Amino acid sequence: MSESPFLIGIAGGTGAGKTTIATEIVDAVDVDMVLLSLDNYYCDQSELSPEERAELNFDHPDAIDWERLIGDVRSLSENEAVAVPQYNLETHTRERDPITVEPEPIVIVEGILALYHDRILDQLDLSIYVQTDPDVRVLRRIRRDIEERDRTVDGVIEQYLSTVKPMHEQFVEPTKRKADIIIPEGVNEPAMELLQEKAMREIGPKAEYQEM
Ligand SMILES: Nc1ncnc2c1ncn2[C@@H]1O[C@H](COP(=O)(O)OP(=O)(O)O)[C@@H](O)[C@H]1O
Ligand SMILES: O=c1ccn([C@@H]2O[C@H](COP(=O)(O)O)[C@@H](O)[C@H]2O)c(=O)[nH]1
């Protein structure tokens, strides 16, 4: 692959539907893609006790290992494979072994702070902010964190009020102004069709070139 991949960033509050949108694009467009989630780039907290980890602020930009993320996005944009860290959201720790990810014609970077850092933003060809009402997001988060992240209702509510909500207002929501496109309420058919067409248009000539 000689051309640079087309880089898409998808940001938005917790529970907005970022992962769902990214996965739908990957499934619907007949081109190989890399989906890079900021959730894999949280700093490892294994040196702390489980109780101390549960108290951390995971919604402040300092919680993210930016150097690693910026380096991996740059490597993928230069068609180099990367070793993506594997982060466990139940234990707040990084697994021992990363997973090797090969470059593909489309790279999607997805996470609450995907549009926060200028060194990521500068590399993006298309930036998207998913805007979903806070009450919808928090209801989705309660269900998801209990079903998938081993949390309790009280724990989710306490974390939401102490860190998730204030950090969203301070750091996540303002990135909406940096977005090329704002998608309301997560997955919706017209928006998905436009995004899939855009991805195909951007990558079409490269795909044809590759087949020659
Ligand atoms: N448009 C939607 N309608 C209903 N439920 C949705 C929608 N989009 C996402 N969800 C659900 O909400 C939860 C959070 O979605 P997710 O895509 O993981 O959000 P994010 O990545 O922004 O945190 C998941 O359980 C998902 O199935
Ligand atoms: O160890 C961790 C790391 C992150 N979180 C929470 O995850 C969300 C971001 O993920 P979404 O999929 O976009 O919801 C963030 O709001 C953190 O609070 C965590 O709880 N523990």
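A residue counts as buried if 20 or more other C-beta atoms lie within 10 Å of its own, as exposed if 12 or fewer do, and as partly exposed in between. The views below show a predicted model.

**View 1. Two loop residues that are not glycine have positive phi values: asparagine 79 and histidine 92.** Asparagine 79 is found in the loop that links helix H3 (66-77) with strand E3 (82-84). Its phi is near 60°. With 15 other C-beta atoms within 10 Å, asparagine 79 is therefore partly exposed. Histidine 92 occupies the loop between strand E4 (87-88) and strand E5 (93-94), and its phi is about 60°. Histidine 92 has 21 other C-beta atoms within 10 Å and is therefore buried.

**View 2. Ligand 2 is surrounded by 13 residues.** The closest of these are Thr14, Tyr42, Phe58, His92 and Ile112. By character, the shell around ligand 2 comprises five nonpolar, five polar and three charged residues. Histidine 92, shown in the previous view for its positive phi, is thus met again among the closest residues to ligand 2.

**View 3. Helices H1 (18-28) and H5 (134-148) each supply at least two residues of the shell around ligand 1.** H1 provides the largest share, three residues. The residues surrounding ligand 1 are Gly12, Thr14, Gly15, Ala16, Gly17, Lys18, Thr19, Thr20, Arg140, Arg144, Gly186 and Val187. Seven residues of this shell are polar, three are charged and two are nonpolar. Thr14 belongs to the surroundings of ligand 1 and is also listed among the closest residues to ligand 2.

**View 4. Five strands form an open sheet with parallel pairing, in the order E2-E7-E1-E8-E9.** Strand E2 (33-37) and strand E9 (181-184) stand at the edges with a single partner strand each, so one side of each has no neighbour in the sheet. From one strand to the next, the twist averages 20°. Helix H1 packs on the sheet and touches strand E1 (6-12), E2, E7, strand E8 (126-131) and E9. The direction of H1 makes about 170° with that of E7. E2 and strand E7 (residues 106-110) run parallel and are joined by five bridges; within this pair, leucine 36 has valine 109 of E7 as its bridge partner.

**View 5. Strand E1 is mostly covered, with seven of its seven residues buried.** In a regular strand, side chains alternate between the two faces of the sheet. Phe6, Ile8, Ile10 and Gly12 point one way from E1, whereas Leu7, Gly9 and Ala11 point the other way. E1 pairs with E7 in the parallel sense over five bridges, and glycine 9 has valine 109 as its bridge partner in E7. Five bridges also join E1 to E8, again in parallel, with glycine 12 partnered by valine 130 in E8.

**View 6. The largest nonpolar core contains 45 residues.** Ile10, Val107 and Ile108 have the most contacts inside this core. Two or more residues come from each of E1, H1, E2, H3, E7, E8, helix H6 (153-172) and helix H7 (189-211). E1 gives the most, with five residues. Apart from its neighbours within four places in sequence, isoleucine 10 is in contact with Lys18, Ile21, Ala22, Ile108, Glu110, Ala114, Ile128 and Val130.

Methods: Residues numbered from 1 in each chain as written. Chains lettered and ligands numbered in written order. Predicted model: local features only at pLDDT ≥ 70, side-chain atom pairs only at ≥ 80, totals over all residues. Near = placed C-beta within 6 Å. Helix = DSSP H or I, 4+ residues; strand = E, 2+ residues; numbered from the N terminus. Nonpolar A, V, L, I, M, F, W, Y, C, P; charged D, E, K, R; others polar. Pairing = 2+ DSSP bridges. Axes fitted to C-alpha atoms, helices over the stretch in contact; angles between N-to-C directions. Contact = placed C-beta atoms within 7 Å. Core = buried A, V, L, I, M, F, W, Y, C linked by C-beta atoms within 7 Å.
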